Amino acid sequence: MLTASPHCNITLPILNKVGRNLHHQEHHPLNIIKTIIEDHFSKTFRQPSTSASSTEDEPVFRYFDNMSPRVTTQQCFDDLLIQPDHVSRAVTDTYYFDETSLLRPHTSAHQTELMRAGHKAFLATGDCYRRDEIDYCHYPVFHQMEGVRLWPCSEVDDAYVIADLKSTLEGLVRRLFGDDIVFRWDEAAYFPFTEPSLELEIWSEERQDWLEVLGSGVIHTDILRNVDMADHRGWAFGLGLERWAMTLFDIPDIRLFWSEDPRFLTQFRPSSKKTEDGREFVRFAPFSKYPPCFKDISFWTPESYHANDFAAIVRDVAGDLVESVTLTDEFTHPKTQRLSVCYRITYRSMSASLVDDDVNALQEKVRQLAVDTLAVELR
Ligand code: PHE
């Protein structure tokens, strides 16, 4: 842990990701998606120039992609009406520097500061951090893009705002996933900061299932009042760049985004160059997959146990060598009511074959740390 604050739960491997800024890296898939989205907004939404010396029209939206990921609980939670007992505030879910400052778990943390600065239409992109499970699509660092658009109340009503939100985001999804994309709105979604809230889902042929691609809604009036914009109405959305990039480029594992292997990084190209078969997005060609190595661990848990704490240990010990941590068995002792869990840890390197001795050493460290820091009892 990093600071003297007893509240700090940020480890060095996580802190080392701060400043990597994958979304700035040229030809990186996250940068490509971000750039296409910004270009799409620049081309689609224009307004007469605000400067007296120019007669040309200019983009409606402003873009921010360099805001510090260190934010306050005020910006990240209180300003967004997130309840004091909401799980996203828990130390099991969020990385804290101290009691009031943290690594943003979503780019919504910038909504109120940008609105207070007078911005009425913007996209804000950045790296976000969450303590979470470990599998092919969850990594403690990921990237989001936030969008906000406001109008004076005198110009719009709620029906207008919702219709604009839907047409804007449907246009965006069509721009990236193609005109044939099948989508639907989930109107039962809930976010404390939007009312109503809506999630957009697209149909994935490959998975034969709906895939949620963004959260959105009409910005809660209390938020606008708190930023002195009570006379405005508007919408907000947030989307995860990794999920969009994994779907568009067929990238199978979220760890690949962090790879410095040229076999990964050289596969992507700017969208102005189409592939031979006319696709805008190249299909990622996996370089040979190295064999996995499975290790099981089971233990009795103390009352305070949280699965994210165990995942964090595995991540700290194994770094990007861990592919997934899957709960394979759970059992509550009928007499003592104690909970026993069993996990299967899949170790796999993306660039080399793992050596047995090395994996055994990792697993031994995981076992030791679980006992020492989580007070579990190995079985
Ligand atoms: N911040 C939300 C999330 O991380 C997404 C969102 C943004 C929802 C803006 C509504 C409005 O899931």
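Student: What volume does the second largest pocket have, and which residues are closest to its centre?

Tutor: Keep in mind that this is a predicted model. The second largest pocket comes out at about 710 Å³. There are 24 residues lining the second largest pocket, and those closest to its centre are F177, E206, T247, L248 and D250.

Student: Which elements give two or more residues to that second lining?

Tutor: By class, the lining of the second largest pocket holds 13 nonpolar, three polar and eight charged residues. As for elements giving two or more residues, look at α5 (158–177), β9 and α7.

Student: How far apart should the ends of α5 be, and what does the model give?

Tutor: α5 has 20 residues, and at 1.5 Å a residue the expected span is 28 Å, because the rise is multiplied by one less than the number of residues. In the model, the end C-alpha atoms of α5 agree with that, being 28 Å apart.

Student: Is F177 of α5 buried or exposed, and which residue follows the helix?

Tutor: Buried here means under 20% relative accessible area. F177 is on the buried list for α5, as are V161, D164 and L165, among others. Right after α5 there's a residue with a positive phi, near 100 degrees: G178.

Student: What about the largest pocket: what is its volume, and which residues are closest to its centre?

Tutor: The largest pocket has a volume of about 1,200 Å³. Out of 46 lining residues, the ones closest to the centre are R130, F142, Q144, E212 and G240.

Student: Which element gives the most to the lining of the largest pocket?

Tutor: Elements giving two or more residues include β7 (141–152), β9 (194–204) and β10 (209–219). With six residues, the one giving the most is β10.

Terms used:
Residues are numbered from 1 along each chain as its sequence is written. This is a predicted model: local features need pLDDT of at least 70, side-chain atom pairs count only at pLDDT 80 or more; totals for chains, interfaces and linings use all residues. Side-chain values use heavy atoms; hydrogens and water are left out. On a 1 Å grid over the protein atoms alone, a cavity is a set of points where a 1.4 Å probe fits but cannot get out, and a pocket is an open set with protein on both sides within 12 Å along at least five of seven lines; lining residues have an atom within 4 Å of a point. Grid points are joined across faces, edges and corners, and a volume is the space filled by probe spheres set on the points. Helices (H or I, at least four residues) and strands (E, at least two) are DSSP runs, numbered from the N terminus. Ala, Val, Leu, Ile, Met, Phe, Trp, Tyr, Cys and Pro count as nonpolar, Asp, Glu, Lys and Arg as charged, and the others, Gly among them, as polar. Buried means under 20% relative accessible area, exposed over 50%, partly exposed in between (1.4 Å probe, protein chains only).
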